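Reader: Got a minute to go through this one with me? I'd like to start with the rings and then move to the metal.

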Amino acid sequence: MNIYWNDQHARHAGRQEMFRGRLVDCHEVPQRLQHVLDELTRRPVGTLLQPAADLPLDAALRRVHNADYLDFLANAWNDWVALDPLNAERDALPSVWPLASRHAFRTDTPPRNFAARLGQYAFDSGTPLMAGSWAAAREGAACALAAAQAVLGGERMAMALTRPPGHHAGPNYMGGYCFINNAAVAAQTLCDGGLQRVAVLDLDYHHGNGTQTIFYERSDVFTASIHGDPRTEYPFFLGHADERGHGAGEGFNLNLALPRGSGFEVWWATLQSALHAVSDFAPQALVVPLGLDTFEGDPISGFKLQSPDYLRVGQALGQLGLPTVLTFEGGYAVAEVGINTVNVLEGLQM
Ligand code: SP5
Ligand code: ZN
């Protein structure tokens, strides 16, 4: 299996995120990816590669994100520092938003103030943006593009080992530690490479809201997500069972929400339902946004999977027999995230 890893990832290392009225240390840290690399050295289940420098990355990004949002990201750090030179020492976090409410705030009058623009393009205050965030996110997306191209070229499996993660990023917004939706880049690349039907099966603890939104009106990309019930779990405002797609996409989105505290038995049964739905769609390829925050030791999540369970998860995915691209999403039990990730990759190849 080809594993494209993002050698720019550590340029994104947010310091603090807003949580319940305080700034707390970031959970999404560079050591996460380093632990996966270390485990891959111990158990070389794939070939570590870097994406080629000449990939058509900008075109691929524009296929899933709006041009104004990409421009915003590309210039965000300079704009943040221009707002106040002392900002060079601080990560950017939003603090004001155009809340959607009838006759309330307008979104058709783009503000010039950068703090307002950040609020326009970010849906939470838990996603710090810093000097290297754009470079890291871009290179991560290049990994997703390279992985999809490898699969189009005949590889059975490829992984984009990236941070920052991607599945919360929508067409024109960041949030949930995500800037560019790497799984959506991979899925769209597979479509643009000639595949008629691509399935996305999101296994992160949190609902893959960005991916759902990006493909919500499409019947060529089936999106499914198993996640903590949004009535109690982040991202709260999407991920419910009655969201089934819209227009041509009606019936092509599946949300399987489970209560906080769910263990492997119920999660596994839910995975079987998701795999049946994926098979019924008869996709030509599969994209798996792989979050390891379903682990029992995860500090911000509420499922109870154990390390050996991830071998079975990988095996079940492999048994679909589909060309498969994986992207690295959440997973904040830093010491175990390498073992759990490589367990999935090992299971996939059993
Ligand atoms: C990719 C991904 O997994 N994103 C998850 C984003 C979750 N952000 C909100 C988490 C808030 C939890 N903060 C808990 C602090 C306890 N000390
Ligand atoms: Zn997550």
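Reader: So how many aromatic pairs does the count come to?
Author: The count comes to 15 aromatic pairs. Rings of Phe, Tyr and Trp (its six-membered ring) pair if their centres lie within 6.5 Å; planes under 30 degrees apart count as stacked, over 60 as edge-to-face and the rest as tilted. This is a predicted model, where local features need pLDDT of at least 70, side-chain atom pairs count only at pLDDT 80 or more, and totals for chains, interfaces and linings use all residues. Residues are numbered from 1 along each chain as its sequence is written, ligands are numbered from 1 and chains lettered from A in the order in which they are written, and side-chain values use heavy atoms, with hydrogens and water left out.

Reader: How do Phe72 and Phe114 pair up?
Author: They're stacked, 5.8 Å centre to centre with 15° between the planes. Phe72 sits in helix H3 and Phe114 in helix H4, so the pair ties together parts 42 residues apart in sequence. Helices here are DSSP runs (H or I, at least four residues), strands likewise (E, at least two), numbered from the N terminus.

Reader: Switching to the metal: what coordinates the zinc ion (ligand 2)?
Author: Asp204 (OD) twice, His206 (ND1) and Asp293 (OD), at 1.9 to 2.8 Å. Donors are N, O and S atoms within 2.8 Å of the metal (3.2 Å for Na, K and Ca); water is not among the atoms, so sites may look incomplete.

Reader: And how are the donor residues spaced in sequence?
Author: As D-x1-H-x86-D.
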